[in-house]
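Q: Please take a close look at one part of this model, the packing of its helices against one another. I would like the contacts described residue by residue.

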Amino acid sequence: MLWKGSSEEFSTFVVYLNESTDFLKFTVNGFRSTVNYLDISLSFDKSNNSCSKLYRKETFVNQYLHRDSQHPFHMKRGALKGQFIRLSRLTMDNCTFLDEVFRLKELFIYRGYKPDQLTNIEKEILLLRNHKDRPILLSDFSTP
C-alpha cells in the first residue's frame, strides 16, 4: 500500500502539494496502486514486493539527440549510454528492463543510430547491472 489514509485525506494532501508551489503540478493516476513521479513508476506486485520502472508521460515524444546532429561522437555515445544507465537504475524487474531496452533501441534507431552501436552499449550496461548500474531501489539483485 502506498497510502494508508482514506481517499479523501489523499485528495486533501494532493491539493496541499499543488498549493505549496507554483512550478510543480502533482497529478493522480489511480489510488493506492501506483505512483508515477518524474520518470519513475513505483508500485507493488501481487506478492506485495515493491517494483519500479521507467515512466513516460502520455505526451512523450522521441526527441533524443539525432545521429546526424553536429555534436561530437563522444557526446552522442554519452547520450546513448546515459539513457541505458538511467533505464538500468530505474527498472527493478529484469523482464521489464529487457522490454524497455528493446523499446529504447527502437527509439534510437528511429533517430538514425545503428543497431550494432546500440547493442554494444546494451552489452556494456548489462555487465554493469550487477554492480555500478544496478537498480537504485533494490538491495538484493542479479541480472538475467
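A: What follows goes from the chain as a whole to the helix pairs, then to the core and a few single residues.

The model is predicted. Its protein chain contains 4 helices and 3 strands, and along the sequence these run in the pattern α-β-β-β-α-α-α. Taken along the principal axes, the C-alpha atoms fill a box of roughly 50 × 35 × 20 Å. Of the 144 residues, 30% count as buried. Among contacts with a separation of 6 or more, 59% join residues 24 or more positions apart.

The first pair to consider is α2 and α3. Their axes come within 10 Å and cross at roughly 160 degrees. Angles over 145 degrees count as roughly antiparallel, and α2 and α3 are therefore roughly antiparallel to each other. Their crossing is right-handed. On the α2 side the contact is made by A79, L80, Q83, F84, L87 and S88, which meet F97, E100, V101, L104, K105 and F108 of α3. By residue class, this contact of α2 with α3 divides into 8 nonpolar, 2 polar and 2 charged.

Next come α3 and α4, which pack at an angle of about 150 degrees with their axes 10 Å apart. That angle makes α3 roughly antiparallel to α4. The crossing of α3 and α4 is right-handed. From α3, the residues in the contact are F97, L98, V101, K105, F108 and I109; from α4 they are P115, L118, T119, E122, I125 and L126. The contact of α3 with α4 is made up of 9 nonpolar, 1 polar and 2 charged residues.

The remaining pair is α2, residues 73-90, and α4, residues 115-128. Their packing angle is about 45 degrees, and the axes are 10 Å apart. This makes α2 oblique to α4. The crossing of α2 and α4 is right-handed. Here F73, R77, L80, K81, F84, I85 and S88 of α2 meet Q117, L118, I121, E122, E124 and I125 of α4. The residues of this contact divide into 7 nonpolar, 2 polar and 4 charged.

Several residues recur across these lists. In α2, L80, F84 and S88 appear in the contact with α3 and again in the contact with α4. In α3, F97, V101, K105 and F108 take part in the contact with α2 and in the contact with α4. In α4, L118, E122 and I125 meet α2 and also belong to the contact with α3.

The buried nonpolar residues can be followed in the same way. In soluble globular proteins, nonpolar side chains tend to be buried together. The largest nonpolar core in this model has 16 residues, and those with the most contacts inside it are L80, F84, L87, L104, F108 and L118. The elements that give two or more residues to this core are α2, α3 and α4. Helix α3, residues 94-110, gives the most, with 5 residues. Leaving out residues up to four places away in sequence, L118 touches L80, F84, K105, F108, I109 and Y113.

Y113 itself is placed in the loop between α3 and α4. With a relative accessible area of 3%, Y113 is buried. Beyond residues up to four places away, Y113 touches L65, H66, R67, K76, L80, F108 and L118. One of these partners, L65, is 48 residues from Y113 in sequence, with a C-alpha to C-alpha distance of 9.8 Å.

E100 lies in helix α3. Its relative accessibility is 15%, and E100 counts as buried because the cut-off for buried is under 20%. E100 is in contact with L54, R56 and L87, neighbours within four places in sequence aside. The C-alpha atoms of E100 and L87 are separated by 7.5 Å, at 13 residues apart along the chain.

G82 lies in helix α2. At a relative accessible area of 31%, G82 is partly exposed. G82 and I125 are 43 residues apart along the chain, and their C-alpha atoms are separated by 9.8 Å.

To return to the helix pairs, α2 and α3 are roughly antiparallel, α3 is roughly antiparallel to α4, and α2 is oblique to α4.

Note on methods
Residues are numbered from 1 along each chain as its sequence is written. This is a predicted model: local features need pLDDT of at least 70, side-chain atom pairs count only at pLDDT 80 or more; totals for chains, interfaces and linings use all residues. Side-chain values use heavy atoms; hydrogens and water are left out. Axes are lines fitted to C-alpha atoms, for helices over the stretch in contact, and angles run from 0 to 180 degrees between N-to-C directions. Angles under 35 degrees count as roughly parallel, over 145 as roughly antiparallel, 65 to 115 as roughly perpendicular and the rest as oblique. A crossing is left-handed if the near helix is turned anticlockwise from the far one by less than a right angle, and right-handed if clockwise. Contact means heavy atoms within 4.5 Å. Ala, Val, Leu, Ile, Met, Phe, Trp, Tyr, Cys and Pro count as nonpolar, Asp, Glu, Lys and Arg as charged, and the others, Gly among them, as polar. A nonpolar core is a set of buried Ala, Val, Leu, Ile, Met, Phe, Trp, Tyr and Cys residues joined through side-chain atoms within 4.5 Å. Buried means under 20% relative accessible area, exposed over 50%, partly exposed in between (1.4 Å probe, protein chains only).
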